[in-house]
Amino acid sequence: MRINHIALWADNIECLKDFYVHYFNAIAGEKYHNLSKNFMSYFLTFSDGGARFGNNEQPKRY
């Protein structure tokens with residue numbers, strides 16, 4: 001069995017992306033923003049070719 005990608009929800013995807021790029025040499029794809037659902041994400045890949053990492057944010061609605 002091979003895991004294709006995992007996803008993590010965060011309050012600030014920019015900080016989380018920067019952390020993985022800096023400390024784990026991840027490569028960030030372009031930011032995806034779905035305006036109708038107000039959903040944003042980055043896919044991060046790693047040089048070893050393992051699973052991709054989805055970094056997701058949906059701003060809170062108050």
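Which residue stands opposite H33 in β4? In this predicted model, H33 sits across from M40. The chain has 1 helix and 5 strands, where helices are DSSP runs of H or I with at least four residues and strands are runs of E with at least two, numbered from the N terminus. Reading from the N terminus, the order is β-α-β-β-β-β.

A quick word on ground rules. Residues are numbered from 1 along each chain as its sequence is written, and side-chain values use heavy atoms, with hydrogens and water left out. Because the model is predicted, local features need pLDDT of at least 70 and side-chain atom pairs count only at pLDDT 80 or more, while totals for chains, interfaces and linings use all residues.

**Overall picture**
- Along the principal axes, the C-alpha atoms fill a box of roughly 40 × 30 × 15 Å.
- Of the 62 residues in the chain, 26% are buried; that label means under 20% relative accessible area, with exposed being over 50% and partly exposed in between (1.4 Å probe, protein chains only).
- Take the contacts (heavy atoms within 4.5 Å) with a separation of 6 or more: 46% of them come from residues 24 or more positions apart.
- The accessible surface is about 4,800 Å², and carbon and sulfur atoms own 56% of that; the areas come from the Shrake-Rupley method with a 1.4 Å probe.

**Strand β5 and its neighbours**
- β5 covers residues 52–57, and 5 of its 6 residues are buried, so the strand is largely enclosed by the rest of the structure.
- On one pairing, β5 runs parallel to β1 (residues 5–9) over 5 bridges; strands count as paired if DSSP finds at least two bridges between them.
- Within the β1 pairing, I6 has F53 of β5 as its bridge partner.
- β5 also pairs with β4 (residues 39–45), this time antiparallel, through 5 bridges.
- Two spots to look at there are S41, which stands opposite N56, and M40, whose bridge partner in β5 is E57.
- β4 and β5 make a hairpin with 6 residues between them, and G49 in the turn has a positive phi of about 75 degrees.

**Strand β4 and its other partners**
- β4 is mostly covered too, with 5 of its 7 residues buried.
- β3 lines up antiparallel with β4 over 3 bridges.
- The β3–β4 hairpin has 4 residues in between, and N38 in its turn shows a positive phi of about 50 degrees.
- β2 is antiparallel to β4 as well, joined by 2 bridges, and A28 stands opposite L44 in β4.

**Charges and salt bridges**
- There are 7 positive and 6 negative side chains, with the centres of the two sets 8 Å apart. Lys and Arg count as positive, Asp and Glu as negative, and His and the chain ends are skipped.
- The structure holds 2 salt bridges, meaning a side-chain nitrogen of Lys or Arg within 4 Å of a carboxyl oxygen of Asp or Glu.
- One of them joins K31 and E14 at 3.1 Å, N to O. This pair links distant parts of the chain, 17 residues apart: K31 is in the loop between β2 (27–28) and β3 (32–34), and E14 is in helix α1 (residues 13–24).
- K31 is partly exposed at 40% relative accessible area, and E14 is partly exposed at 29%.
- K17 and D18 form a salt bridge as well, their closest N and O atoms being 3.0 Å apart.
- K17 counts as buried at 14% relative accessibility, whereas D18 is partly exposed at 42%.

How values were computed
Charge placed at Lys NZ, Arg CZ, Asp CG, Glu CD.
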